[in-house]
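Student: Could you take me through one part of this model closely, a helix and what surrounds it? I would like the cut-offs spelled out as you go.

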Amino acid sequence: MNQLSNHFPTAELQNSDAAHHLHPFSDHETLIREKSRVIVRGEGVFLWDSDGNRIMDGMAGLWCVNVGHGRREIADAVHEQMLQLSYYNTFFKTTHPPVVALSEKLTELSPDGFNRVFFAGSGSEANDTVLRMVRHHWAILGRPEKSHIIGRKNGYHGSTVAGASLGGMSGMHAQGGVLSGISHIRQPYWFDEGGDLDPDAFGLLCAKALEEEIDRLGEDKVAAFIAEPLQGAGGVIIPPPSYWPEIGRICRERDILLVADEVICGFGRTGAWWGSETFGIEPDLMPIAKGLSSGYLPIGGVLVKDTVGDVITSGGGEFYHGFTYSGHPAACAAALKNIEILQRERIVERVHDHIGPYLQARWASLGDHPLVGEARMVGLVGALELVPDKPSRKRFANEGLAGGICRDHSFKNGLVMRAVRDSMIISPPLTITEEEVDLLVALVEKTLDDTEHTLRSTGRLSA
Ligand code: PXG
């Protein structure tokens, strides 16, 4: 095969893929045995595979295609930019119009006090930037020992060394190790860990864990706390309302920088431009990616509040940090056009006022299904907890099995829904219509019925 084409037979593509392509986050034994599905086209909330099947993209790619697939005007903007200036760097006192325009636009959309942005190629690179920037910031202030960073168990911040270390995924830590000077506190996952506490009391308990960790390490040693407004890859874990205000109070009182990882929550996912707005967070840094360009081209960055930005830009000398593709002109053009669409079509407002509440109500009704222990959603991101015994919140003995069965049924039924252990996750394009929501919910209902049937017929649910 010496050229790219969408017209090779599926089996040929799959065999070549299995032979030569190492996939991210994949068990290659399984992948080679079962083969990859080949996706060849996207339009709006739908994808098509190489056999012509239409599949609803309930995950917006990987939580990123906020404006939907197949927007010609983004492709056109990138095409124009590539003809004008396909690449130039932003090192050594150079800049270019798309990166200037995007920097201005992003700071205009950001909360008060955010006046600067550092560009990267992905969310992982954005979080590497966070780690280096917060340590550099304290060093400039003459406090280099204030370098420890606190994250959360089951948090996700990417898969570079810094990203994996800031994240709290034990499986990732076990492969390749973790950077020193980072520790993780418990997550505010009421459904799994809340026991008999009401969610607000549990939220406060989880926030107190930050205070205890700061006390253990010594306030003068701690640079920052990093967390996602809601945990995405961890299972769409939506913290109780008491959680974030208490975290904010602790960070302020203890002089700890607060980093809200907006890679999934940013650009409308929760019904506001920022998850920080939805949850009442006042961060100092906001790593971004994904919805910044709706995934049309790779781009990430860190939005920097003046608390940090003023320090970095005065008196610190050179910050030895940057990527060849920091502020790539074509990626900036894609992001600018994407933001223009989000604004012109009032997509964020629509998630907040209309389509968010519409899907949330329909999603909540899935909580009546015998397999579903909880149905939760904010904006257009939600989860269903699959359980064998609703009232007790008890889990299946073989964690992940029910989730895997459900995900496979979902795909067969024509819907991409992701499984995180036994939580089923949905995060569709923000442009989804009412009619498409109805279809999505009908597909989930059928998928839950099919899953229940499989579990019963294999003896994993009592009759
Ligand atoms: N922060 C957060 C909150 C993320 O969700 C990253 C950083 C890293 O971004 P990049 O662009 O380096 O991937 C992410 C990425 C999943 C899944 O299976 C989630 C992500 C990436 C890949 C898979 O849920 N999130």
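Tutor: Happy to! Buried here means under 20% relative accessible area, exposed means over 50%, and partly exposed lies in between, with a 1.4 Å probe and protein chains only. Helices (H or I, at least four residues) and strands (E, at least two) are DSSP runs, numbered from the N terminus. This is a predicted model, where local features need pLDDT of at least 70 and side-chain atom pairs count only at pLDDT 80 or more, while totals for chains, interfaces and linings use all residues. Residues are numbered from 1 along each chain as its sequence is written, and side-chain values use heavy atoms, with hydrogens and water left out.

Let us settle on helix α16, residues 401–412. The expected span of a helix is 1.5 Å times one less than its number of residues. For the twelve residues of α16 that gives 16 Å, which agrees with the 17 Å between its end C-alpha atoms. Its buried residues are A402, G403, G404, I405, C406, H409, S410 and F411. Contact means heavy atoms within 4.5 Å, and the elements covering these buried residues include β3 (54–56), β12 (381–386), β13 (418–420), β14 (423–426) and α17 (434–457). After the helix comes G414, with a positive phi near 95°.

Two of those covering elements, β3 and α17, lead us to a sheet. Two strands pair if DSSP finds at least two bridges between them. By that rule, β1, β2 and β3 form, in that order, an open three-stranded sheet with antiparallel pairing. Its edge strands, β1 (39–43) and β3, each pair on one side only. From one strand to the next, the twist averages 30°. For such angles, axes are lines fitted to C-alpha atoms, for helices over the stretch in contact, and angles run from 0 to 180 degrees between N-to-C directions. Between β2 (residues 46–49) and β3 there are three bridges, and the two run antiparallel; L47 has I55 of β3 as its bridge partner. Helix α17 packs on this sheet, where it touches β2 and β3, and its direction makes about 95° with that of β3.

For another strand to look at, try β5 (residues 148–152): five of its five residues are buried, so the rest of the structure largely encloses it. Both faces are covered, with H148, I150 and R152 on one side and I149 and G151 on the other. Strand β5 runs parallel to β7 (residues 222–227), joined by three bridges, and I149 is partnered with A224. Four bridges, also parallel, pair β5 with β6 (residues 182–185), where R152 stands opposite I185.
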